[in-house]
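Visitor: I should like a close look at one part of this model, namely the place where its chains meet. Please describe that part in a connected account.

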Amino acid sequence: MADRRRLKTIASRYDLDVLRHRDPLRLMRFRLSALFLIGTVLACVPWLLGDHRAFESRCVSNAHKSFEQNCSQCHDQSGAPLRRMITFNNSWTSTSDKKCQSCHRESNKNDNDHFLPKTKDEEFAWGNRHAILEAQLETLISPLKCAGCHEEHRGHSELTQVSDAQCSNCHLQVDHLLKSKEPNGQHRFELKFSDFSQHTQLGIWRKSEALNRDRADSPVNWPNDGKIDHPVDASKILFNHRRHLDPNLPAGNGKTTSLDCVDCHQAEPNGAYFRPINYQQHCYQCHKLGFPSTGELPHADPEIVQGIVLDNLVKNLKNKGDRPVQSDEIGGPTKPPIDPPSRDLDPKLQPIDAAFQDDIRAEFQKVKSQLFEATGFDNVEPRNHVKSPFEKSCTKCHFTRQDNKGSVGWSVIPTKIPSQWMAHSQFRHDRHFSVDCRKCHTRNGGLHEPSEREDYYPVLKEQQKSSTSIYASISAQDVLMPRIELCQQCHGHGSSNGGRGSVSDKCVDCHDYHHTHAKADFRPGINEMLNNGQIGAAELKKTLSIKGSR
Amino acid sequence: MIVDRSHVPWALTTTCLTLVAFILYWIYARTEPNGASGGSWQGMLFGVAGTGCMVYAGLLAWRKKIPKWQVGSAQTWLRGHIWISLLSVPLILCHGGFRLGGALESCLMLTFAAVILSGIYGLAVQQILPRVMASNIPAQAIAPQLEVACERLRRSTELAVQKVCESAFLEPFSSLSRSQGASELAVTTSGINPSKQGMPVKTSQHESFSPKLELSTFYWDQLNSFLSSDANRSHDLANPTLATARFARLRDSVTEDLRPVIDEMESACDERRQLLFQSRIHGWLHGWLHLHVPLCLTLLVLGLLHIMTAIYY
């Protein structure tokens, strides 16, 4: 409808005093603002006076939840965020290393230094170069703080799950540093990778000049004859896995038995690794030492064995015939054998028959030869009899050498069976028990070849050389450890392993930055923190004793 | 504020700065071993920048209160308020790592989101509603004086009706009391309850029909209540179709000399509807400020608390 009002008419309707009155909308807005302001301040008071968990960006890890409400338990560097911003340096942490070490003894500076050698052979191998590198690496490692890698308030349930970038960023720098110190630019570590799919081959499978130079006591050797292109086990022992895994293994008295991996390889209580092979526990039942003329012999040093041999020979031959036996008061298994005393030495002793002595000597030499010199074992095909004299010989399992030292003149070369093949990693067999031993422990690093037959034994003769199965291993020189490709089948992102698996592939899953001690000392910080010291120190120490991470 | 071409440079600058912020954040997030964090120096720089934007936006209110601070024109300040506030969104998101965070930080983010969204709503309605008002409310009044305008409109209409009706102007009050007594008879005869109609029923007891009485009765029963300042949309005359019909019927039931005043009454009724509509639109245009401003204060308090605790810890 048309507006027919006149301006004057319209204007006459308004109150010129309206400016004296407050706009109701503005008034309402003011009151609401005041209400919100006061309400917010009042709502913040409980946060300030009470639980400060409202201020944390994310909850703490599970291990720290017991004192989560007390921020000062860890935060002792006030203003660190401001320093970070001003200096553009994120190494300023809100928690000092000292605070962490009040409970955790691991450190970056003490005897747990990351780059120190873990084994004695490495100390020997590194020698002077270690001291040179230490100063260089100090510049890289010393700025690191506990909280730099183990960052709280990230929502991680465990702080030990350090991101791979923490490791790879530093290793990439170290890679250049180490290479610059080597004459040919080669060093034992391969550090230039940032993803598990790019992880370098395991050390025992890498034929690296630097690696071989440094590994004086390596569990493997790389032969230079050019005939084989894989390492050989340097354990200095003779063992035939194929023979021992025979489902019809002779067990004496016409009986057979069947052995499995766990019959000899028994896990440690923590399930990580396996107990060392022990003759008395794992071998004695089938491999008793001794000869008919000597009786049972102990699995001991050659000197001890020789003494027992001599003593037993005397006793056994004495019982054989009417030859008078002279007691030998100074003989015995614990003392070096001596020639039968002559009448000139001790007139009290009855003279020993010379013929008897010759018999003893002859038998002794025969036994000694059988013990230390016997060869000719046929390790290709299983023997159907166990009556060969060579069965009881030391050389059945050990390497011997004639060194003309001591009273025996022979020595057994010590075995070098490592309790842990890969010293720079940590592995837990108990977490892999769902996988059959044979799938990982293949012959000379080959991948497991699935067979239609569940039981892959026995391996056909024509497949002997090519088979990767442990059943095809007839020599202890076979390296029965897996290669990195086997691990990458399960560990890694789906894309890196063709979608076969997606088990965690973090560096910390296999590698430990802090070389944790087997025994951990009592940590006084915990006593102060918990129960205000009501728990006795001795009781707490007993409760919190740590046996090692492995 | 109307968003026109003068805002284009601001929009482009804000967009470019947003892209730069996201690129920097992406580089930072990829290179940081533990991922992006608000506590790192990079994260804190984002936070400082975002806070600076919010502080600038808040200074707009203080500029109005202190006229002496004539730093830049009001238009520039308003444009800056809009675009720099919007720039604070990506900066704060980069600071927080695109996460809500803990309790305090979640409250902050939610409050910040409410402030931004209410501001966007306010900006959006400012583009549409003024044009609606201009086209649909030619008789719009000054918003704070809507009540005054309504009262004066009612008063002027009352005077016009009184002038025409003369003695019959107040007669509906007395006839209404009589019609209440006859309501029982009316129900019996016609089935119509006069009190519900609001109009005196022409019963056989009325000896004569007066157009002036009709007019005054219509005014008192319907128009007076509609022209008052507390009328709302539920009133019958608020519906233009119904109002047109009522006025048409009234116009047919009175003499020719009374029709000009009926036109005036209808005009007043139309103006009152426009004022009613204006009141609604005014509520939409300014109501969001009741949420926006208080939440800004809440954001300020929580932000200060966050900064203090973050620096301390």
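Guide: The account below takes up the contact between the chains, then a pocket beside some of the same elements, and finally a few local features.

The model is a predicted one, and local features are reported where pLDDT is at least 70. The contact draws 49 residues from chain A and 54 residues from chain B. Between them, chain A and chain B bury about 4400 Å², and 61% of that area lies on carbon and sulfur atoms. On the side of chain A that touches chain B, two or more residues come from each of H2, helix H3 (80-87), helix H7 (146-149) and helix H8 (164-181) of chain A. H2(A) gives the largest share of that side, 12 residues. Sorted by class, the side of chain A that touches chain B holds 22 nonpolar, 16 polar and 11 charged residues.

The polar side of the contact can be described by pairs. Between chain A and chain B, 19 residue pairs are in polar contact, with both residues at pLDDT 80 or more. Across the same interface of chain A and chain B, 0 salt bridges are found. Side chains of opposite charge can pair when their charged atoms come close. A search of the whole structure, over all chains, finds 14 salt bridges. One of these joins Glu158(B) to Arg155(B), with the closest N and O atoms 3.1 Å apart. Both Glu158(B) and Arg155(B) belong to helix H5 of chain B, where they stand 3 residues apart, about one turn of the helix.

Helix H5 of chain B also has a part in the second largest pocket: at least two lining residues come from each of helix H2 (24-49) of chain A, helix H5 (146-165) of chain B and helix H11 (259-287) of chain B. The volume of the second largest pocket is about 710 Å³. Its lining has 28 residues, and the closest to the centre are Pro24(A), Ala143(B), Pro144(B), Gln145(B) and Leu146(B). H11(B) supplies the largest share of the lining, 8 residues. The lining of the second largest pocket divides into 14 nonpolar, 9 polar and 5 charged residues.

Two backbone details in chain A complete the account. His153(A) has a phi near 60°, a positive value in a residue other than glycine. His153(A) sits in the loop between H7 and H8 of chain A, and both of these helices give two or more residues to the side of chain A that touches chain B. Asn444(A) has a phi near 55°, again positive in a residue other than glycine. Asn444(A) is placed in the loop between helix H15 (437-440) and helix H16 (484-488) of chain A.

Technical notes:
Residues numbered from 1 in each chain as written. Chains lettered and ligands numbered in written order. Heavy atoms only, no water. 1 Å grid on protein atoms, 1.4 Å probe; cavity = no way out; pocket = protein on both sides within 12 Å on 5 of 7 lines; lining within 4 Å. Points joined across faces, edges and corners; volume = space filled by probe spheres on them. Helix = DSSP H or I, 4+ residues; strand = E, 2+ residues; numbered from the N terminus. Nonpolar A, V, L, I, M, F, W, Y, C, P; charged D, E, K, R; others polar. Contact = heavy atoms within 4.5 Å. Buried area = accessible area lost by both parts, 1.4 Å probe. Salt bridge = Lys/Arg side-chain N within 4 Å of Asp/Glu carboxyl O. Polar contact = N/O pair within 3.5 Å; in protein donor to acceptor, adjacent residues only side chain to side chain.
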